[in-house]
Amino acid sequence: MFEHVEPFGGDPILSLNEDFQKDPRQAKINLSIGIYFDDAGRIPVLDSVRQAEAKVVARNAPKPYLPIEGAANFREEVQKLLFGAGHDALAAGRVATIQSVGSSGGLKVGADFIARWLPGSEVWVSDPSWENHRSMFEGAGLAVRSYPYYDASTGALAFDAMCEALRRIPAKSVVLLHACCHNPTGVDLTRAQWDALIPLLAEHDLLPYVDLAYQGFGDGIVEDAYALRALAAARGRDGRPLSFFVVNSFSKSMSLYGERCGALSVACADRQEAVNVLGQLKFTVRRNYSSPPIHGGQIVAAVLGEPELRRAWESELGAMRERIQAMRKALHATLVQKMPARDFDYFLTQRGMFSYTGLGPAQVDRLRDEFAVYLVRSGRMCVAGLNSGNVEATGLAMAAVLDG
Ligand code: LMR
């Protein structure tokens with residue numbers, strides 16, 4: 001029956017993380033997977049989250065199936081977090097939100113929805129993008145192509161080339177955009193660039209699909225939502241509110257990876273469209289996994305909904321963001337000291353958990369084999385894996401590899 005089944009080649013990120021776990025070397029350094037580690041090298045349990053979870057457990061509530069679309073309190077808090085409480089789009093009832101199994105689950109439900117209701121649409125992802133974006137949309141049966149994004153010669157955004165390419169793609173194409181903390185490069189659009197891009201998307205009748213997995217890791221919770229709030233204020237070619245998708249995640253921002261807490265929201269032109277879209281998202285969920293799990297979402301809803309926990313969370317998230325920035329500076333300092341003629345300023349200008357180091361696969365292999373420093377083979381470094389105990393060693397190892 002299964003003789004013809006081919007072996008799985010492994011996932012470029014998750015398999016690498018598994019290899020790291022098996023590596024017997026004491027001084028190994030994991031800068032591969034997008035997980036925030038604290039300065040002691042541990043995945044933190046945030047205090048705000050611990051308190052929220054204690055409250056959820058103390059309720060001693062039964063655990064019924066959630067509605068297909070998820071818990072109402074979770075969905076409402078997500079909408080407020082994304083768009084801002086009292087946003088016109090929410091007041092108009094034109095945003096359809098479902099609780100999803102991580103933001104990956106949201107991406108997949110959205111992809112299935114597109115395959116069903118916009119079957120001819122191509123999906124355009126940035127070059128490069130999170131490795132799983134292409135795989136997920138292709139897995140839903142959609143054609144995936146890429147638009148220019150990162151200019152390897154400057155280490156900066158290839159904004160003109162990006163716009164030029166997007167002007168030429170077919171109407172109704174889906175354009176996957178990273179709202180902040182671009183994965184894998186750490187190179188983001190400025191506000192002025194978003195302000196220029198959004199009318200272009202509208203004018204060419206393109207469908208933005210925003211991935212917001214790192215809200216709070218760039219410049220702040222509200223600041224990192226700039227792109228999606230600007231999209232929510234925009235009008236399409238027909239003069240009606242612009243339609244777009246946004247998936248968001250609490251894996252990183254609340255350090256809740258394994259609870260798989262995320263959401264998919266679809267901003268529609270009006271309330272009736274949102275009702276229909278929500279219905280079809282529910283149909284997609286029902287025939288995939290029926291309904292989302294209950295526990296993690298209730299923790300998130302408590303953190304977001306209770307003012308004291310919310311304040312505590314915002315300050316913990318701020319501290320994570322600042323620690324990453326401090327690590328960027330420390331790594332930069334070591335590298336500049338070892339290789340003064342080389343420009344490492346990208347570590348300071350890139351945002352969020354990731355930096356695109358420009359190291360090639362052979363150099364990444366050397367880092368792993370000779371120095372037990374793990375990066376993704378694309379050269380992506382998870383800066384959030386650096387700490388005061390390993391940052392210097394990482395800088396020295398990188399310098400050794402760059403030196404040839
Ligand atoms: C990453 O990019 O490393 C994270 O988002 C984890 C994952 O699922 O790939």
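Select N183 and the ligand in this predicted model: an N or O atom in the side chain of N183 lies 3.0 Å from an oxygen atom of the ligand. The protein buries 82% of the 260 Å² that the ligand exposes when taken alone.

Next, add R380 to the selection. An N or O atom of the R380 side chain is placed 2.8 Å from an oxygen atom of the ligand. Then display W130, where a polar side-chain atom is found 3.0 Å from an oxygen atom of the ligand.

Now extend the view to the residues surrounding the ligand: I13, I33, G34, W130, N183, Y214, K252 and R380. Colouring this shell by class gives four nonpolar, two polar and two charged residues.

From the ligand, turn to strand β3, and select residues 123-127. Is this strand mostly covered or mostly uncovered? Four of the five residues of β3 are buried, and the strand is thus described as mostly covered.

Show strand β4, residues 144-148, beside β3; the two run parallel and are joined by five bridges. To locate the pairing, pick D127, which stands opposite P148 in β4. Tracing the chain from β3 to β4 leads through helix α6, residues 131-139, and this β-α-β crossover is right-handed.

Finally, select strand β7, residues 174-178, which pairs with β3 in the parallel sense over two bridges. Here the residue to pick is V123, with V174 of β7 opposite. With side chains displayed, a general point assists the inspection: in a regular strand, side chains alternate between the two faces of the sheet.

How values were computed
Residues are numbered from 1 along each chain as its sequence is written. This is a predicted model: local features need pLDDT of at least 70, side-chain atom pairs count only at pLDDT 80 or more; totals for chains, interfaces and linings use all residues. Side-chain values use heavy atoms; hydrogens and water are left out. A residue is near a molecule or strand if one of its heavy atoms lies within 4 Å of it. A polar contact is a pair of N or O atoms within 3.5 Å; within protein, one must be able to donate a hydrogen and the other to accept it, and residues adjacent in sequence count only if both atoms are side-chain atoms. Accessible areas come from the Shrake-Rupley method with a 1.4 Å probe; for residues, only the protein chains shown count as cover. Ala, Val, Leu, Ile, Met, Phe, Trp, Tyr, Cys and Pro count as nonpolar, Asp, Glu, Lys and Arg as charged, and the others, Gly among them, as polar. Buried means under 20% relative accessible area, exposed over 50%, partly exposed in between (1.4 Å probe, protein chains only). Two strands pair if DSSP finds at least two bridges between them. A crossover is right-handed if, with the strands pointing away from the viewer, the path from the first strand over the helix to the second runs clockwise.
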